[in-house]
Each structure stands twice: as structure tokens, then as C-alpha cells.
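Here are a few exercises to work through with the model open beside you. Try each task before reading its solution.

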Amino acid sequence: MITQTIAVETIATEVTIENVSRRGFLQGVLGASAFVLCVGKFPLLAKAARSGATSLLPGAADTIGASPFHPSVFVGIHTDGAVYIVAHRSEMGNGVRTSLPRILADELDADWNRVTVVQGDGNAAYGSQDTDGSHSVREFFDVLREAGATARLMLVRAAAQKWGIPESQCVADPVHSVTDLSAKRKLGYGELAALAATLPVPKKEELKFKSPQDWRYIGKPAPGYDVADVCAGKPLFGMDVRVDGMLYAAIAHPPVLGGKVKSVDDSAAMKVIGVKKTIAIDPFKAPHAFQPLGGVAVIADNTFAAFKGRKNLKIEWDNGANAGYNSADDKKELQATARQPGKVVHTVGDPDAVFAKGGKFIEAEYFAPHLAHASMEPPVAVADVQGEKVTVWAPTQDPQGLQEQVAKSLGLKKENVTCHVTFLGGGFGRKSKPDFAAEAAVLSQKTGKPVKVIWSREDDIKFDYYHSVAAMYLKAAVDESGKPKAWLQRSAFPPIGSTFDTSDVYGSAGEMSLGWDLTPFDVPNFRSENGAATAHIRIGWLRSVANIYHAFAVQSFANELAVAANRDSYDYLMMLLGSARNVDPGPKGSPAVNEKYPYDIGRLRHVAEVAAEKANWGKKKFGKGSGMGIAVHRSFFSYVATVVEVEADDQGTIRIPHVTTVVDAGMVVNPDMVRSQFVGAAVFGTSVARTGEITVTNGAVDQSNFFDYQVARMNDAPRQVDVHIVDSSAPPAGVGEPGVPPFVPALCNAVFAATGKRVRELPLTRNGFA
């Protein structure tokens with residue numbers, strides 16, 4: 001345990017306190033030093049500790065490089081048989097440090113008990129390390145299998161050479177060794193490592209991959225590799241990083257995006273014991289992208305002094321052009337835009353011709369507000385600039401993006417920036433934007449010392465990259481049975497592209513593909529449109545991204561059509577989906593639909609059928625103030641159906657006794673992790689639907705902490721979530737995000753079933769519910 005003595009300002013006396021961290025307390029309770037244990041477990045960490053830096057996770061470069069046999073950047077085998085496998089993606093509760101290594105370990109035929117997972121620092125050799133978009137497993141499933149099969153074949157060839165027998169007589173067996181089939185003798189992987197390292201790396205055409213029935217780890221449940229360390233409170237997270245000589249910084253950011261300092265009086269801040277200096281950070285040059293927001297940093301020798309000093313700053317701000325932005329006014333503009341024809345995204349048939357013929361029309365408008373990420377661990381980073389070299393420790397989802405932004409901010413080369421990735425105390429997309437790490441780097445360069453920038457909860461809520469606000473308009477012409485003959489859907493939302501291009505007002509093809517460009521429904525005439533919308537605050541991707549508001553609108557509207565047709569919601573939904581088929585993306589194609597991942601309505605129908613069966617749809621009896629809702633959605637190539645049960649009392653208080661979710665995510669690596677992701681998605685979706693709302697007045701965000709930006713408490717969250725995984729041989733799909741989109745409309749549809757009140761605007765608190 002590292003302790004530090006800090007001085008706390010008082011008027012009459014000076015009080016000295018021991019800075020005992022939460023983790024330090026936990027370690028004391030457990031009667032052991034987690035740090036020491038880590039040092040003993042990982043040689044690289046011991047090296048880091050001696051140098052004064054708490055790198056927290058065993059890094060990949062030295063560990064793999066020190067292995068006598070490392071045929072790829074993802075794996076190294078030592079002569080004692082220890083296997084080191086790189087997890088190059090970021091761990092934030094997504095289980096990626098378990099799932100990815102187990103793919104490689106399976107193909108290698110390694111003993112999982114002899115595997116050490118090491119963390120990949122920012123390195124182009126790994127390919128993209130951006131842990132966004134639920135694509136870690138689906139993009140690296142084949143890559144890691146190839147790495148494992150390559151190492152296995154080289155070990156087999158080393159054994160054959162050592163025994164002087166044909167390669168065909170040797171097989172890797174499931175106990176971390178190679179067997180001579182004729183003589184029944186074995187050689188362990190450690191015994192073969194040195195010789196294997198001398199052999200040429202085989203071409204991919206020479207590899208023989210294991211059949212799914214021979215997989216030992218893929219598809220089998222497994223506990224998280226780091227669960228024990230997390231439960232023991234070991235220092236793993238970005239907030240835990242300490243470096244000798246490190247200073248602490250708290251930054252007063254401009255309250256309005258694009259604002260800048262007019263004047264500052266730091267005299268009161270400098271009187272706080274522990275405060276060293278204040279430093280002005282230049283405002284960004286548009287587009288803001290991932291640049292620091294600017295403002296005034298208070299540099300101190302402890303966190304308490306930094307935050308107290310910041311509180312004592314007297315700053316006059318020039319709030320700039322966005323000071324006129326009010327979300328209440330903007331809502332009306334967005335809704336007006338959504339009612340008007342927009343940019344056509346995709347068309348099937350001729351919906352206008354159907355509408356022109358008249359008949360029965362059903363229209364509805366939906367609205368979703370801005371959302372904040374609100375990770376439990378706010379943004380934090382430590383940077384140490386030494387001449388042309390920079391070292392950063394950060395809970396980042398994108399170490400390579402961090403390297404790029406830090407280099408730009410300092411005017412250095414990207415390759416001079418080293419990024420050590422720690423655990424993330426939640427991410428949800430926020431921590432792939434490295435503005436906070438760039439702040440630490442700028443301040444380290446200015447002070448000549450390592451600097452730790454810590455955002456408070458208030459900083460996190462008020463200066464986020466917000467999930468976009470969105471207005472949607474839908475219209476259907478229905479026949480005598482209530483089935484749509486034509487379907488029109490329009491949306492308007494400030495796009496994520498505004499982060500990188502201030503003139504960007506339309507959603508990108510990627511955003512349109514998130515539940516809006518195509519329809520899974522069997523409707524002969526369909527058109528989706530997108531209206532222009534200008535961003536006035538930072539817009540960023542949040543877990544499930546545009547799928548949240550798109551699924552909310554589409555699946556709520558489908559439910560409204562069912563009610564209008566006086567049909568059972570599930571039966572009507574299945575009628576809408578129609579027969580099993582692949583959706584035609586049209587002549588120009590779509591980024592969401594290609595030959596490898598067609599939009600398979602049969603898979604969507606199947607998860608709906610299973611969800612209805614598991615939830616006892618149509619069989620369960622509900623009394624007054626209770627009911628269930630259903631919704632389906634495909635995102636990140638996973639097909640999900642969710643049934644939510646709701647109880648509502650006369651005061652409008654909502655309870656969620658039961659959630660049933662069925663997912664077809666293709667081949668699943670770790671079913672336990674998949675279930676965890678979908679349970680988490682139900683809780684996350686509860687926060688989104690019940691209370692999630694960011695509002696803006698005169699350009700400044702109104703909310704500041706969990707008292708006015710509430711996330712689901714234990715009594716708010718679903719009491720029981722059952723997750724069912726469909727057996728599938730399809731390629732692996734995303735699992736971190738797809739649970740949220742169908743949950744939100746399923747909950748709102750259940751609220752309608754229980755209360756008769758339709759929710760067309762999120763959150764539920766806007767509709768009189770609590």
C-alpha cells in the first residue's frame with residue numbers, strides 16, 4: 001500500500017491526514033497487500049513498481065517479447081510452460097480479458113490454468129484497439145484462432161523434429177503438451193518453446209483449425225479472469241494510478257461548449273495549502289473532436305487541494321456562440337424538422353402513392369433526450385512528459401486514439417506516446433474520447449512533472465460527449481386487417497459527425513444503419529428519412545448509440561399499430577415481421593447489410609418466438625396496473641427479443657418484476673459473459689427509460705450529479721432478468737450493446753399494457769411515472 005501525507009488547509013491550525021485510498025482500506029481489511037501480490041505475480045509489474053509507477057496491469061510488450069517463443073504479437077510461451085496471451089482490448093466489465101484469450105488458448109490447446117493474460121498497450125501491431133461497437137470478439141475471433149493454431153503447429157513441428165519422427169505422428173493434446181502417437185510419449189509446451197522459436201512461421205494455408213465439437217473453452221461458461229482481483233479491491237483502475245513526484249490537477253472548464261476565459265482571479269485558490277499553481281489551458285480550435293475543452297487548471301500536491309483551489313477560482317467566461325442553446329426550444333425545432341420531408345435514406349416501393357390514395361392512417365411522434373454516460377469511474381488519466389517522450393496511464397477504450405490526440409495536443413509524434421491501459425470503471429463509449437488524457441499531457445508538459453487529471457462527478461455529467469437528442473415521426477397506411485400497406489419514418493438528431501465537422505447536420509450511414517435505414521417488417525412500401533439538426537453540445541456515441549432512440553420509436557409504433565388493430569401485441573409483431581427471409585438492402589447496399597451478415601428475418605422471428613414462450617406470453621394473467629410488453633431489434637449483428645413485465649401503482653410508481661431476453665449472437669465464446677452483458681443492459685436500459693435526461697439552458701448542462709441525473713437504484717432495477725442464448729453457428733456478433741435497444745420499447749409497451757398510457761417521450765418521468 002502506498003501512503004502519502006498531505007496537508008489540509010485550515011485557518012488556525014494545519015491538520016495532517018493520511019491519504020488512505022478506498023483500495024488501501026480494502027487491502028487492510030483483507031489483511032494483505034494487493035500491490036505486493038501483484039508484484040509477485042507479474043515480473044513486469046515489479047519492474048514498474050520499482051520505477052515508482054503503478055502500471056496496474058501486466059503489460060504485453062515486455063512480457064511477450066521476453067518469451068523465447070512468440071510467433072505472434074498475441075502469444076508468448078516461456079520455457080517453464082507459462083503461456084502469456086494478450087488482451088488488446090479494454091476491460092470495463094465486458095469480459096474481454098477473458099473471452100479473447102480463451103479463443104486463442106482453445107486453438108493452442110493450452111491449459112487455461114497456466115495462462116496469464118497480459119494487457120496490450122497502444123500498438124498498431126494488434127490492429128484496432130478501439131473497444132467500441134461491440135466488435136471485439138466478432139472482429140478478432142478468426143485472428144486469435146489463427147494465432148493459436150500457428151503456435152500449436154509450430155510446437156508440433158518442434159516435437160517431431162526433436163523426436164526425429166514425421167509431423168503426422170504428433171498431436172497437440174489438451175494438457176499443454178505434444179504427444180507422439182506411436183510411442184505414447186509427451187513433451188510439454190515449455191520443453192518445446194526454444195526449439196519452436198527457431199522454426200519458420202507457417203503460412204495460413206498450412207494451419208488446421210479445430211472443429212467446434214473439439215472446442216474446450218469456446219462456448220463454455222467461465223468466470224472472468226480478473227474477478228477475484230476486482231473483488232479483492234486490488235489497484236487495477238485508472239483512478240488507482242500513482243507515480244512518484246506526481247501532481248494533481250482539477251480543471252475549471254468553460255460552462256458552454258466553445259467558451260473561453262475572459263479573466264481569472266486565482267488569488268484565493270493559491271491560498272489553499274497544497275496548491276502549486278494555476279495554468280490556463282487554451283480553448284480548442286474547431287472542430288473540438290477530442291481536444292481539451294480549455295479553461296483553468298489548478299495544480300496541487302493532492303486531490304483535495306486541487307478541487308478546493310478550483311472552487312476558489314474567480315473566472316469570467318466568454319460563453320461564445322452556443323450560449324443561446326436551450327434544449328427546450330431545440331426540442332420544438334427538432335420535432336418540426338421530423339414532420340417535414342428529409343434526406344431520403346432508403347426506399348422500398350412507393351409509399352407516397354399509397355398515402356395519396358387515402359384510407360386509414362396512423363401517425364405518431366417520439367422524442368428521446370440527451371443522455372450522459374455517467375460511468376462509475378469518472379475520466380482520469382496520468383501523463384508524464386519527458387522531452388519528446390510521453391507516457392500515459394488511463395482507463396481508455398481506445399489507446400491508439402489516445403496516442404494520436406496526445407501527440408496532436410503536444411506537437412509530438414504519435415509513436416513517442418506510450419499508453420498503458422488500466423481497467424475501466426465503466427465506459428459506455430465515453431472513454432474512447434481521450435480529451436481528459438490530453439489535458440493531463442498538456443499539464444505535464446507545462447509543469448515538467450507527471451500530472452494526474454481527475455474529473456469530479458460534476459465534471460463528468462456537465463462536460464460529457466452526450467448521446468444525441470432525437471425527434472422521430474412515423475406514419476402508416478393500414479388495410480382492413482390493420483396491416484401496414486405503407487410506412488414512413490423520419491428522424492432528426494444532431495449527428496456524431498458534428499464532433500469532427502461543425503457543418504455536419506445529417507446522420508452518417510453508420511448512424512442510419514443503427515435501426516433506421518431498413519425495416520425488418522413485411523411492408524411493401526417503405527421510406528426512411530433523416531432531417532438536418534445542428535449540434536450545440538458535444539455529441540458522442542453511448543452504449544447502443546442511435547439504436548436506442550430508433551428502436552424506441554419503431555417498436556413503440558409497431559405496438560401502437562397492434563393496439564389500433566385490436567390485436568395481441570406479439571401476434572401482430574410476428575405478422576409484421578412476415579416470413580423468414582433476408583432483407584434486400586437495395587441497389588446501393590447498406591453498411592449494415594452485406595453478404596457476410598445479411599439481415600436475417602428468420603433469426604429475428606426465432607428470438608421473438610422463444611421470448612414469448614419463455615415469458616409465457618398470452619398465458620400469464622395480469623391484474624390492474626400490471627402487464628407485459630415485447631420488442632425485437634437487431635444491432636451489432638445480434639438478434640434480440642425482450643419481454644418486460646411492469647407493475648404500476650396509482651401514484652405512477654413503476655416496478656419491473658421480470659425481464660425475459662432472448663439473444664442470437666451467433667457463436668458465443670463465453671455464455672456467462674453474454675448473460676452478464678444482457679442483465680447489465682436491462683439495468684442500463686432501465687436508467688435510460690426511467691430517468692435518463694440531460695437538459696441544457698443557455699448552453700450549459702443543467703444536471704450535475706446523481707441526484708439530478710439518476711441511474712437505476714437497486715429498487716428501480718428489474719428484480720429478475722432471464723437471458724436465453726440461442727444456439728447458432730453464425731459468425732460471432734456483438735453482445736455488449738444489443739440488449740439495450742429492445743429493452744426500452746418493451747418497457748414502454750409494458751407500461752401501456754399496465755396503465756393504458758402511451759409513452760412517446762423519454763424518460764418515463766416526463767410521463768408522470770416514477
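**Exercise 1: a helix and its surroundings**

Helix α13 has these residues buried: Pro399, Gln400, Gly401, Leu402, Gln403, Gln405, Val406, Ala407 and Leu410. Keep in mind that the model is predicted.

Task: Work out whether α13 is largely enclosed or not, and which elements its buried residues pack against.

Solution.
- Step 1. Start with the length: at 1.5 Å a residue, the 12 residues of α13 (399–410) should span 16 Å. The end C-alpha atoms are 16 Å apart, which agrees.
- Step 2. Take burial as under 20% relative accessible area. By that cut-off 9 of the 12 residues of α13 are buried, so the helix is largely enclosed by the rest of the structure.
- Step 3. Look at the partners: the buried residues of α13 pack against β17 (380–386), β18 (389–394), β19 (417–421) and α14 (435–447).
- Step 4. Step just past the helix, and you meet Gly411 with a positive phi of about 75°.

**Exercise 2: aromatic pairs**

Task: Classify the pair of Phe290 and Tyr465, then that of Tyr366 and Phe552, and say which parts of the chain each one links.

Solution.
- Step 1. A pair of aromatic rings is described by the distance of the centres and the angle of the planes. The structure holds 16 aromatic pairs.
- Step 2. For Phe290 and Tyr465 the values are 6.0 Å centre to centre and 70° between the planes, an edge-to-face pair.
- Step 3. Phe290 is in the loop between β12 (275–281) and β13 (295–300), while Tyr465 is in the loop between α15 (457–462) and β21 (470–478), 175 residues apart. Both Phe290 and Tyr465 are buried.
- Step 4. The ring centres of Tyr366 and Phe552 are 5.6 Å apart with planes at 80°, so this pair is edge-to-face.
- Step 5. Tyr366 belongs to strand β16 (360–368) and Phe552 to helix α17 (547–564), so the pair ties together parts 186 residues apart in sequence.
- Step 6. Tyr366, at 1% relative accessibility, counts as buried, and so does Phe552 at 0%.

**Exercise 3: around Tyr465**

Task: Which residues do ring pairs link into a cluster, and which charged end sits over the ring of Tyr465?

Solution.
- Step 1. Ring pairs join Phe290, Tyr465, Phe500 and Trp541 into a cluster.
- Step 2. The charged end of Arg538 sits over the Tyr465 ring, 3.8 Å from its centre.

Definitions and conventions: Residues numbered from 1 in each chain as written. Predicted model: local features only at pLDDT ≥ 70, side-chain atom pairs only at ≥ 80, totals over all residues. Heavy atoms only, no water. Helix = DSSP H or I, 4+ residues; strand = E, 2+ residues; numbered from the N terminus. Expected span 1.5 Å × (residues − 1). Buried < 20%, exposed > 50% of the residue type's maximum accessible area, 1.4 Å probe, protein only. Contact = heavy atoms within 4.5 Å. Phe/Tyr/Trp six-rings, centres within 6.5 Å; stacked < 30°, edge-to-face > 60°. Lys NZ or Arg CZ within 6 Å of the ring centre and 35° of its normal.
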